[in-house]
Amino acid sequence: MRDFIELMREKDLVTDVEEEVSSVYEAPKMAAETDKLLFFHKLDKVHRGVMNVTASRKAISLALGYDEKDVVRSLSSAGYDGVVNNAGQLNMHPPDLFSLPVMRHYPLDAGRYLTSAIVFSEYGGVTNASIHRMLVLDEKRLVARLVEGRHTYNLLRAALENGDRLPVAITIGTHPRVTFASCTRVPTGKELQYAAELSGGEMNVFECENGVHVPDAEIVLEGYITGDKTDEGPFVDITGTYDPVRPAPVIELTGMHLRNDPIFHGILPGGNEHKLLMGMPYEPKIYRAVGEVTTVRNVSLTTGGCGYLHGVVQVRKNTQGDAKNAIMAAFAAHTSLKHVVIVDEDIDIYDMEDVEYAIATRVRGDRDLMVIEGARGSSLDPCRIGDGTNVKIGVDATMVMGEEKNFVRAGWD
């Protein structure tokens, strides 16, 4: 990650913050006001930290080594076939989460959350890497939001069914290529190979004392996910609204490894870095799916659509009906997609004014709108509140979301 920070600095995309900044609200609020990488040199007086590491498409393209407007096409041809080399073992020390500048982002948050941390897990010969938000319980315990049916959840279930705990290693401060790979739906067990492919074909990993392998990182936490559960939330998700309180698995830490003078990485919940890392990994999948039905040129999941719910797909129209086929292919590829706009080659999909121009001058609602009723959509969509999802934001908020007010938007006031 340090190499990438210096590359961003060369491009004048880094703002150094030399004054003392608190990890409680202050650093997150500063990150909300810019997309430039913020390098805090006195975070909580004694720590170094960064936010907005990849809060723009330019930053992610720079990290991946692709032209900004060609990144989706380039990623769509991934083979997930990079080479991973074992470079040795990490020495662990007793864990102490209170020694790290873990951030509290908004006043209604349940507490301090790890937001950039990648959870590497291995069980029964199967490996996985994915980002999970994790609430700090004490100096040695976290509670993690694991989405049902996803790989980490399934590995934990397999371990618990055998009477085991799931061994994990948690990294904070990796190169963005590794972060991007961990956010991408890849074939089972291929996250590290994908990261290696994005890194030029090869990448070193290090073995933790519990047997889990991790790439180079500023901070590594080692431990086990147990069968114990406790409440997790409220937490601000990509829509900028509060996710509900749920019971979630507890992680018991057994070790911690730090680089000299480590740099802590925090991602602002609901900020552009969060949205881009949620959405951009789906763009190549949509690109490939639309490419099966017509000539696709580019795909963008917009930050205005929370990086997840709204898409723009650029195609070359070959026959009548191509646009509607493209719509259906996009929805099938990304089932959380809510609205998608299909545009011609002359429209810049990264310029929303240009996209709006296309809607204003080329759309007839009676002919060109396509509505799909009864689709599942995304559980993150605040419009779904009241249908059994996202009902409660927690005791501390003294508010239940219902008919009178269907969401609470996060802020500091």
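**Group meeting: a walk through the predicted model**

Proline 234 lies in the loop between strand S13, residues 219–232, and strand S14, residues 235–236. I begin there because this is a predicted model and its backbone has a few places that deserve attention. The peptide bond that leads from glycine 233 into proline 234 is cis, with omega near 5 degrees.

Two further backbone points concern the sign of phi. Tyrosine 25 has phi near 70 degrees, a positive value in a residue other than glycine. Tyrosine 25 is found in the loop between strand S1, residues 14–21, and helix H2, residues 26–31. Its relative accessibility is 27%, so tyrosine 25 counts as partly exposed.

Aspartate 44 also has a positive phi in a residue other than glycine, here near 50 degrees. This aspartate 44 sits in the loop between strand S2, residues 37–43, and S3. With 27% relative accessibility, aspartate 44 counts as partly exposed.

Let me turn to the strand that follows that loop. S3 pairs with S17 in the parallel sense, over four bridges. Which residue is the bridge partner of methionine 51 in S17? The partner is glycine 266.

Now consider the side chains of S17. In a regular strand, side chains alternate between the two faces of the sheet. In S17, Ile263 and His265 point one way, while Phe264 and Gly266 point the other way. Are these residues buried or exposed? All of them are buried.

I move on to the salt bridges. How many does the structure hold? The structure holds 21 salt bridges. I shall describe three pairs and one network.

The first pair for discussion is arginine 48 with aspartate 261, a salt bridge in which the closest N and O atoms are 3.2 Å apart. This pair links distant parts of the chain, 213 residues apart: arginine 48 is in strand S3, residues 47–51, and aspartate 261 is in the loop between strand S16, residues 246–258, and strand S17, residues 263–266. Aspartate 261 has a relative accessibility of 46%, and therefore counts as partly exposed.

The next pair is lysine 69 and aspartate 348, whose side chains meet in a salt bridge of 3.6 Å, N to O. Here too the pair links distant parts of the chain, 279 residues apart. Lysine 69 is in the loop between helix H3, residues 57–64, and helix H4, residues 71–75, whereas aspartate 348 is in the loop between strand S20, residues 339–343, and H11. Are the two partners exposed or partly exposed? Lysine 69 is exposed, with a relative accessible area of 52%, and aspartate 348 is partly exposed, at 27%.

The loop between S20 and H11 also supplies aspartate 346, which is joined to arginine 362 of helix H11, 16 residues apart. Arginine 362 and aspartate 346 form a salt bridge with their closest N and O atoms 2.7 Å apart. At 34% relative accessibility, arginine 362 counts as partly exposed.

Beyond these pairs, a network of salt bridges links Arg133, Glu232, Asp237, Asp243 and Arg246.

I close with the surface. Which residues make the nonpolar patch of about 260 Å²? Ile359, Val363 and Leu369 make that patch. Isoleucine 359 lies in helix H11, residues 352–362. Isoleucine 359 has a relative accessible area of 39% and is partly exposed; patch residues must have over 30%, so isoleucine 359 meets that accessibility cut-off.

A positive surface patch is formed by Arg150, Arg185, Lys285, Arg288 and Arg376. Among these, arginine 376 is found in the segment after helix H12, residues 365–368. Arginine 376 is exposed, with a relative accessible area of 58%.

One last residue is glutamate 292, which lies in the loop between helix H9, residues 283–291, and strand S18, residues 295–301. Glutamate 292 is exposed, with a relative accessible area of 69%. Glutamate 292 and arginine 316 are 24 residues apart in sequence and 13 Å apart in space, C-alpha to C-alpha.

Notes: Residues are numbered from 1 along each chain as its sequence is written. This is a predicted model: local features need pLDDT of at least 70, side-chain atom pairs count only at pLDDT 80 or more; totals for chains, interfaces and linings use all residues. Side-chain values use heavy atoms; hydrogens and water are left out. Patches are made of residues with over 30% relative accessible area and no salt bridge: like charges are joined within 9 Å, nonpolar side chains (Val, Leu, Ile, Met, Phe, Trp, Tyr) within 5 Å. Accessible areas come from the Shrake-Rupley method with a 1.4 Å probe; for residues, only the protein chains shown count as cover. A salt bridge is a side-chain nitrogen of Lys or Arg within 4 Å of a carboxyl oxygen of Asp or Glu. Helices (H or I, at least four residues) and strands (E, at least two) are DSSP runs, numbered from the N terminus. Buried means under 20% relative accessible area, exposed over 50%, partly exposed in between (1.4 Å probe, protein chains only). Lys and Arg count as positive and Asp and Glu as negative; His and the chain ends are not counted. The place of a charge is taken as NZ of Lys, CZ of Arg, CG of Asp or CD of Glu. Two strands pair if DSSP finds at least two bridges between them.
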